[in-house]
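Subject: Handing over the structure we talked about

Dear colleague,

I am passing this structure on to you, together with some notes on what turned up when I went through it. Please keep it open beside this email, so that you can look up each place as you read.

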Amino acid sequence: MGDNSIRWVRTHCARMDHGGCALLVEVKDGKIVRIKGDPEGYLNRGYICRKAFASVDKLYHPQRLRHPLKRKGQRGEGKWIKISWEDALNEIAENLLSIKDRYGARAVAFGVGMPKGLDHFVLIRLANIFGSPNVIASQDVCHAPREITGLHTCGFYPVADFHQKSELVILWGSNITHTNEEGEICSLLLEQIKTGTRLIVIDPRKTALSGRANLFLQIRPGTDCALALAMINVIIGQELYDREFVSEWTHGFEELKEHVKSYTPDKVSEITGIPEELITESAIQYATSKPSAIQWGNPIEHNVYTFDTCRALICLMAICGNLDVPGGNIQALDPPVMRPGRFVRADLLPDKPRQMISAHHGVIPRFMTVPPSFFKRAVLEGIPYEIKAFYSMCTNPLITWAESPVTYRALIALDFFVVSELFMTPTASLADIVLPVATQFEFNDIGHYGLGHGIILARPKVVEPPDECWPDLKILNEIGKRISPPEFWFDDYQDILDELLRPAGITYDEFVKKGYLRGEESFFKFKHKGFKTPTGKVELVLSNADKLGVRALPEYKPVFDDDPEYPLILTSSKSPYYLHSSYRMIERLRNSSPYPVVEINPDTAGEFGISDGDEVIIETIYGKASQVVRITDRIMPGVVCASYGWWFPEDRDSELFSWDKSNYNMLTSGDRVGKEFGTSNLKALKCNMRDVLK
Ligand SMILES: Nc1nc2c(c(=O)[nH]1)N[C@H]1C(S)=C(S)[C@@H](COP(=O)(O)OP(=O)(O)OC[C@H]3O[C@@H](n4cnc5c(=O)[nH]c(N)nc54)[C@H](O)[C@@H]3O)O[C@H]1N2
Ligand SMILES: Nc1nc2c(c(=O)[nH]1)N[C@H]1C(S)=C(S)[C@@H](COP(=O)(O)OP(=O)(O)OC[C@H]3O[C@@H](n4cnc5c(=O)[nH]c(N)nc54)[C@H](O)[C@@H]3O)O[C@H]1N2
Ligand code: SF4
Ligand SMILES: [Mo]
């Protein structure tokens, strides 16, 4: 086919959130010119959001990195020289191997952000084969709390089943129309709402769906655990629980019943700010509508007590008999492709749980990535041992990790730091070597692998990457050959895809024709196999709590102390235009959201003498950031909702693109973290606010 042809290619959206919508992409003269939702898409049936249209702009953006770069001046000075791939790879290999020689493989950490595609797993494979137990990821604040707590409580990660009809769905801190959480595709939920599924929304802000909800619980940030425990109190008190399930399949019901007695709706109303009747009514509706699903979002895991909140929610699902039932919260079975543990060669590092730096901090067993805050302590203080090198991809830690000033110090302190990136970011500016990547549409990839939703999606290449941009898969494969036994690596990186699909009996090309693979639909598995916990039941009380080093029953504790100096509660929500800190340079997106905005209720603004459009300094005990005020009654009084992920690609690279000006993570702490997952308070912090001019 000649280059001046016009063709349509079927693929899946990626890297603008977790991905998932099937796309039809028009290519003319080798360039993408149009994108449409694929009406036959398994998850989206034609639906796409505005980010999908802008996703193409990043491919052709003038600021895109196109050649490997090596630092010339001091870290962060913005001075680079172009080098060849061969030199870049050799330099990386030399440095990583010499650090391994001097300090051991564990002194080299591998970093990744939000899982974007198969590269996530190839990076873990590289770490395992190289011999380092330290993969640093954002999982402390993104899904590990719900997944690992699920494993310990009921033996699996209970995801909302939007493929079957639910009578009721609770959006518990999940702004699914904006975030499409985990590619769950809000279009499936919207279809259900049209056909009568009732909705409860729990959020401190009015959201796109709160207006369509039967009940809207405007909650004070950080108090979700108390609410869940009060709902359990009502359901047990009014005997609305599923008697049969509870007696056959739960462990510790009587203790839970006793334990929740103190979480009365009137007391929890004071904690959460939600009227008592609404707490009671929500509990009754959740317990009496069968099946009901809870779609849980990031706020559940964005505070130091995330473990208890996740526990309370799973107990709630369990006592109402909503676990592993169609339309409830289910264990989605994966398609028969290679299991992640095997793919990443976990067998090569059997001692990893004891070797990882997080083991020293007593994190919960089975949590296999290292929380960033513990990584930083290792780099800066050598606790529990020194980390000297960091290979990072698909992440911008200077903006996305809690407590940015400490992140800055840690990145500066590294002996050797490599970043693979699409654009020069504040983080990449601090690297020794920056590698230019191919991205969405430019290489063959597999989406949704390992995310727990029982589905994988084909993301075939649509166009060639520009200049010297390589897919992370290829980069990792080439580094692997240089720093670890080559027999574990592939002649052509695309063989990785076939290898992963082999157990399913298909090649990548055949997979692309199918578009997706899903695991067998199966429910009530516990009836044959029980639950995969020590007691074989859902553990309302954890039978091995002592061994795990955790509380046996979920408890609510205030996530912050009252402090008159910081009278407001600060929280955040994700922008519908951006992915975390990404894509602020894309004009189409930036025009829709040109600067960071902090939302405040009119009454609160009045009390603070703040007007719409004012630039304010938001201040916590940890730090400061400036954003622009938007007065709106969407947000409850006393709470402010700031924008997260901001830096300014238009500012000077030698000043790291004003990384510390409006960045939400100037306001957070990496020091005060939860024990189980090393999680910081990201949502629910105490703050103050003042006009910059006053
Ligand atoms: N305060 C606060 N902090 C948070 C959160 C919050 O809500 N509040 N959310 C947390 C959550 S849930 C998460 S998941 C993390 C996310 O944290 P990160 O994953 O660090 O966030 P991103 O901004 O998505 O960073 C991705 C980077 O990868 C680059 N990129 C895009 N495509 C590719 C590619 O194909 N290859 C490579 N190598 N790079 C690519 C982008 O340009 C971008 O700079 O942040 C967490 N941090
Ligand atoms: N557009 C876009 N989509 C994304 C992302 C993105 O950055 N941009 N990131 C992706 C990633 S990695 C993730 S993990 C998901 C996250 O997706 P979501 O879970 O939806 O995450 P958030 O937008 O951080 O928070 C959801 C809602 O929680 C509310 N909220 C704030 N504090 C609290 C609280 O204390 N309790 C309760 N109940 N609600 C509270 C906010 O007002 C917001 O409406 O989104 C994915 N999709
Ligand atoms: S909702 Fe997510 S997957 Fe769907 S089109 Fe938008 S960015 Fe892509
Ligand atoms: Mo996330």
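Below I go through the helix packing, then the ligands, and then a few unusual spots in the backbone.

Please bear in mind throughout that this is a predicted model.

Helix packing

Two packed helices are described by the angle between their axes and the distance between the axes. I will use that description for three pairs, in which H7 and H12 each come up twice.

The first pair joins helix H7, which covers residues 224-237, to helix H12, which covers residues 306-319; their axes come within 8 Å and cross at roughly 25°. An angle under 35 degrees counts as roughly parallel, and H7 and H12 are therefore roughly parallel to each other. The crossing that H7 makes as it passes H12 is left-handed. On the H7 side the contact is formed by Asp224, Cys225, Ala228, Leu229, Met231, Ile232, Ile235 and Ile236, and these meet Asp308, Thr309, Ala312, Leu313, Cys315, Leu316 and Ile319 on the H12 side. Sorted by character, the residues of this contact between H7 and H12 comprise 12 nonpolar, 1 polar and 2 charged.

H7 also packs against helix H10, residues 265-272, and here the angle is about 165° while the axes are 9 Å apart. Angles over 145 degrees count as roughly antiparallel, so H7 and H10 are roughly antiparallel to each other. H7 passes H10 in a crossing that is again left-handed. From H7 the contact takes in Ala226, Leu227, Ala230, Asn233 and Val234, and from H10 it takes in Pro265, Val268, Ile271 and Thr272. The residues of the contact between H7 and H10 are 7 nonpolar and 2 polar, with no charged ones.

The third pair brings in helix H4, residues 144-154, which packs on H12 at an angle of about 55°, with the two axes 9 Å apart. H4 and H12 are therefore oblique to each other, and H4 passes H12 in a right-handed crossing. H4 contributes Pro145, Arg146, Thr149, Gly150, Thr153 and Cys154 to this contact, whereas H12 contributes Thr306, Phe307, Cys310, Arg311 and Ile314. The residues of the contact of H4 with H12 divide into 5 nonpolar, 4 polar and 2 charged.

The ligands

Around ligand 1 there are 33 residues, of which Thr395, Thr400, Glu421, Asp472 and Ser581 come nearest. Several polar atoms can be picked out beside this ligand: a polar side-chain atom of Lys574 lies 3.0 Å from one of its oxygen atoms, and a polar side-chain atom of Ser582 lies 3.0 Å from an oxygen atom of ligand 1 as well. For Asn665, a polar side-chain atom lies 2.9 Å from a nitrogen atom of ligand 1.

Ligand 2 has 34 residues around it, and those that come nearest are Thr179, Asp203, Asp224, Asn298 and Tyr578. Asp224 may be familiar to you, as this residue of H7 is also among those that meet H12. An N or O atom in the side chain of Arg205 is 2.8 Å from an oxygen atom of ligand 2. The backbone takes part too, with an N or O atom of Ser575 at 2.8 Å from a nitrogen atom of ligand 2, and a polar backbone atom of Tyr578 at 2.7 Å from a nitrogen atom of ligand 2.

Ligand 3 is surrounded by Cys13, Met16, Asp17, Gly19, Gly20, Cys21, Ile48, Cys49, Lys51, Ala52 and Asn180. This shell around ligand 3 divides into 6 nonpolar, 3 polar and 2 charged residues.

Unusual spots in the backbone

Most residues other than glycine have a negative phi, and most peptide bonds are trans. Against that background, which peptide bonds are cis? One is the bond from Lys290 to Pro291, with omega near -5°, and Pro291 is found in the loop between helix H11 (276-288) and strand S13 (292-296). Another is the bond from Ile383 to Pro384, also with omega near -5°, where Pro384 is found in the loop between helix H15 (372-381) and strand S15 (389-393). Finally, Arg45 has a positive phi of about 45° although it is not a glycine, and Arg45 sits in the loop between strand S3 (31-37) and helix H1 (50-54).

With best wishes

Key:
Residues are numbered from 1 along each chain as its sequence is written. Chains are lettered from A and ligands numbered from 1 in the order in which they are written. This is a predicted model: local features need pLDDT of at least 70, side-chain atom pairs count only at pLDDT 80 or more; totals for chains, interfaces and linings use all residues. Side-chain values use heavy atoms; hydrogens and water are left out. A residue is near a molecule or strand if one of its heavy atoms lies within 4 Å of it. Ala, Val, Leu, Ile, Met, Phe, Trp, Tyr, Cys and Pro count as nonpolar, Asp, Glu, Lys and Arg as charged, and the others, Gly among them, as polar. Axes are lines fitted to C-alpha atoms, for helices over the stretch in contact, and angles run from 0 to 180 degrees between N-to-C directions. Helices (H or I, at least four residues) and strands (E, at least two) are DSSP runs, numbered from the N terminus. Angles under 35 degrees count as roughly parallel, over 145 as roughly antiparallel, 65 to 115 as roughly perpendicular and the rest as oblique. A crossing is left-handed if the near helix is turned anticlockwise from the far one by less than a right angle, and right-handed if clockwise. Contact means heavy atoms within 4.5 Å. A polar contact is a pair of N or O atoms within 3.5 Å; within protein, one must be able to donate a hydrogen and the other to accept it, and residues adjacent in sequence count only if both atoms are side-chain atoms.
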